[in-house]
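Thanks, everyone. I'll go through one strand pairing, the sheet around it, and then the ligand shell. Please look at the structure while I talk.

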Amino acid sequence: MTSQLDSFLECFNSGHLVVNAKREISFSNQYMVNHLGWSQEALSEMSLGDIFSRASNIFIDSYVYPLLINEHCAEELQLTLITAKGDKIAVVANINLDQYQTTYWSLYGCANRDKLYQELIQAKELLEKQSEELLEMATVDSLTGLLNRRALDNRASKVLSQAKRSRSSVAVIIIDIDFFKVINDTYGHALGDDVLQYLGTLLLKKRRDHDIVARFGGEEFILVLPDVNEKNACKVAEAIRVDIETTQFKGISITVSIGVSLNKEDNNEFDVLFKEADSALYIAKKEGRNKSVLFKPSFLKPAI
Ligand SMILES: Nc1nc2c(ncn2[C@@H]2O[C@H](COP(=O)(O)OP(=O)(O)OP(=O)(O)O)[C@@H](O)[C@H]2O)c(=O)[nH]1
């Protein structure tokens with residue numbers, strides 16, 4: 001019967017060990033011989049510590065044996081065997097302990113499981129990278145690197161709700177390049193793009209920590225300045241206008257027109273502030289361009 005059992009054990013595609021109380025290997029099946037590269041005789045003179053990696057031995061001492069003493073079995077433990085050549089084999093072990101302190105080890109190769117796990121980690125990392133890129137594309141204007149219109153709507157609304165709670169002032173400033181069509185038509189669309197990038201960089205340099213700088217589309221830029229009063233908002237707008245007017249870009253003179261609007265106690269909607277700043281911008285254009293204009297309610301009154 002014993003020899004029949006032995007020959008059955010040779011047929012299993014898994015490793016089987018019987019280990020005595022001194023942790024000496026008293027039985028190993030053919031799978032262990034084939035995979036470890038030690039002969040049956042050699043294995044019968046080895047102890048458990050000889051066939052597992054250092055890290056696995058620490059784990060076996062500190063976790064597996066205490067668990068076996070308490071529960072009499074341990075399942076699905078990931079361990080590493082060391083072959084006669086010093087190669088590592090990842091295995092999953094199920095172990096039982098009997099009343100004589102003998103342990104019965106079933107070991108299953110898990111290289112494929114490891115590979116699958118590594119592939120899953122790689123797929124997860126790839127998905128995270130792609131979702132970061134998508135988020136970037138959804139919030140950033142690809143030409144200037146500034147926030148795009150969608151991100152602006154989102155962030156400006158948050159700043160305005162916060163301002164409503166803290167009863168603080170927020171300014172919305174629209175900056176529009178004057179005669180940009182002429183720049184495009186004279187120097188080409190590619191140089192027009194360079195001008196947009198140049199202005200984007202200039203606005204980013206001027207921004208304070210919590211200011212929002214966005215490209216609204218075309219040749220229009222928006223600033224949202226939290227915690228700023230009317231006087232300072234107008235100062236910022238005027239400083240930007242003067243800076244652009246007095247600095248040539250690649251030998252080209254550029255000017256901008258600017259509209260400024262600030263929130264009021266009963267007016268904290270970004271759409272409304274944008275409309276007001278836009279009407280101030282319209283006046284700046286109408287009055288000859290290269291101007292910054294603060295919104296007045298009369299700008300919205302229909303002409304009689
Ligand atoms: N190079 C470039 N041009 C753009 C881009 N988006 C919009 N434009 C151009 O911006 C120009 C805007 O022209 P208009 O709306 O007539 O305004 P403008 O010429 O600046 O005139 P005013 O605003 O009235 O001073 C158009 O010629 C658009 O083709 C862009 O991403 N790159």
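Start with Asp 176, which stands opposite Glu 220 in strand 8. Helices (H or I, at least four residues) and strands (E, at least two) are DSSP runs, numbered from the N terminus. This is a predicted model: local features need pLDDT of at least 70, side-chain atom pairs count only at pLDDT 80 or more, and totals for chains, interfaces and linings use all residues. Residues are numbered from 1 along each chain as its sequence is written.

Strand 8 covers residues 220-226, runs antiparallel to strand 6, and is joined to strand 6 by 7 bridges. Strands count as paired if DSSP finds at least two bridges between them.

Now the sheet. It is open, has 5 strands in the order 7-8-6-9-10, and its pairing is mixed. Strand 7 (212-217) and strand 10 (292-294) are the edges, each pairing on one side only. From one strand to the next the twist averages 20°. Helix 11 (residues 270-286) packs on the sheet and touches strand 6, strand 9 (256-262) and strand 10; contact is C-beta atoms, placed from the backbone, within 7 Å. The direction of helix 11 makes about 145° with that of strand 9. Axes are lines fitted to C-alpha atoms, for helices over the stretch in contact, and angles run from 0 to 180 degrees between N-to-C directions.

Last, the ligand. There are 16 residues around it, and Asp 178, Phe 180, Lys 181, Gly 192 and Gly 218 come nearest; a residue is near if its C-beta atom, placed from the backbone, lies within 6 Å. Strand 6 (170-177), helix 8 (180-187) and helix 9 (189-206) each give two or more residues to that shell. Helix 9 gives the most, 4 residues.

Key: Contact = placed C-beta atoms within 7 Å.
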